[in-house]
Amino acid sequence: MNNVRRIFIATTFFMMPVFSWAAAANAPTRMAVLDREAAILGTNAAQAAQEKLANDMKPQRDKLEQLRKDIKAMEEKFVKEAATMSERDKKALREQADQKASEFNALISQVQKRTQDVQQDLLNRLLPSMQTVLDDLRKSGNFDVIVDRRSVIYVDPSLDLTKRVVDRLNTAK
């Protein structure tokens, strides 16, 4: 009887980790979702940066619109008057249109680069704060996994952390 008891105790002692692991493996995984882009763009800082960028870029946008109108007018003139224009006039008009198109493309590139720089600066400023907020939400909600919202077809709205992240980023300074 004493040997049976020792075997039972030894077996129980060695099997406890296996049972613990099995219980942990069967525990439900708590998941949440986050749309990082929407969270960042929804912050007051992002909205202020977008507004400032729009105001700063107004002269460039106006210039782009004027170039677009000029190019269109040159195209219309060429279509209407090509039959009566001399080859020299056609060539001069094409060169003017090409020069305007080059100016347009260069200005578009400048606007895109400036926009990308502002967005990158915003990301660099907000991502560390976002990571801290996410860690806090993960711990307080006991989440095991946080998935990108765009990778999920359906999620219970209570598991979408996007608004909570935006609210916490807006209150964090």
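This passage looks first at the chain as a whole and then at one of its helices, α3.

The structure is a predicted model. Its secondary structure amounts to 6 helices and 2 strands, and a reader moving along the sequence meets them in the order α-β-α-α-α-α-β-α. Of the 173 residues in the chain, 23% count as buried. The accessible surface of the chain is about 12,800 Å², and carbon and sulfur atoms account for 56% of that area. Contacts across the sequence also help to describe the fold. Among those between residues at least 6 apart in sequence, 83% join residues at least 24 apart.

Helix α3 is a good place to look in more detail. This helix covers residues 44-56, 13 residues in total. From its first C-alpha to its last, α3 reaches 18 Å, close to the 18 Å expected at 1.5 Å a residue.

Which residues of α3 are buried? They are Ala 46, Ala 49 and Leu 53. Viewed down the axis of α3, the buried residues fall within an arc of 65°, so they line one face of the helix. The spacing along a helix helps to make sense of such a pattern: an α-helix has 3.6 residues a turn, so residues three or four places apart point the same way.

The buried residues of α3 have two packing partners, namely α2 (36-41) and α5 (87-140). Turned away from this buried side is a face that carries the exposed residues Glu 51, Lys 52 and Asn 55. Helix α3 thus presents Ala 46, Ala 49 and Leu 53 as its buried residues, with Glu 51, Lys 52 and Asn 55 exposed on the face turned away from them.

Technical notes. Residues numbered from 1 in each chain as written. Predicted model: local features only at pLDDT ≥ 70, side-chain atom pairs only at ≥ 80, totals over all residues. Heavy atoms only, no water. Helix = DSSP H or I, 4+ residues; strand = E, 2+ residues; numbered from the N terminus. Expected span 1.5 Å × (residues − 1). Buried < 20%, exposed > 50% of the residue type's maximum accessible area, 1.4 Å probe, protein only. Arc of directions from axis to C-beta. Contact = heavy atoms within 4.5 Å. Areas by Shrake-Rupley, 256 points an atom, 1.4 Å probe, with all protein chains shown as cover.
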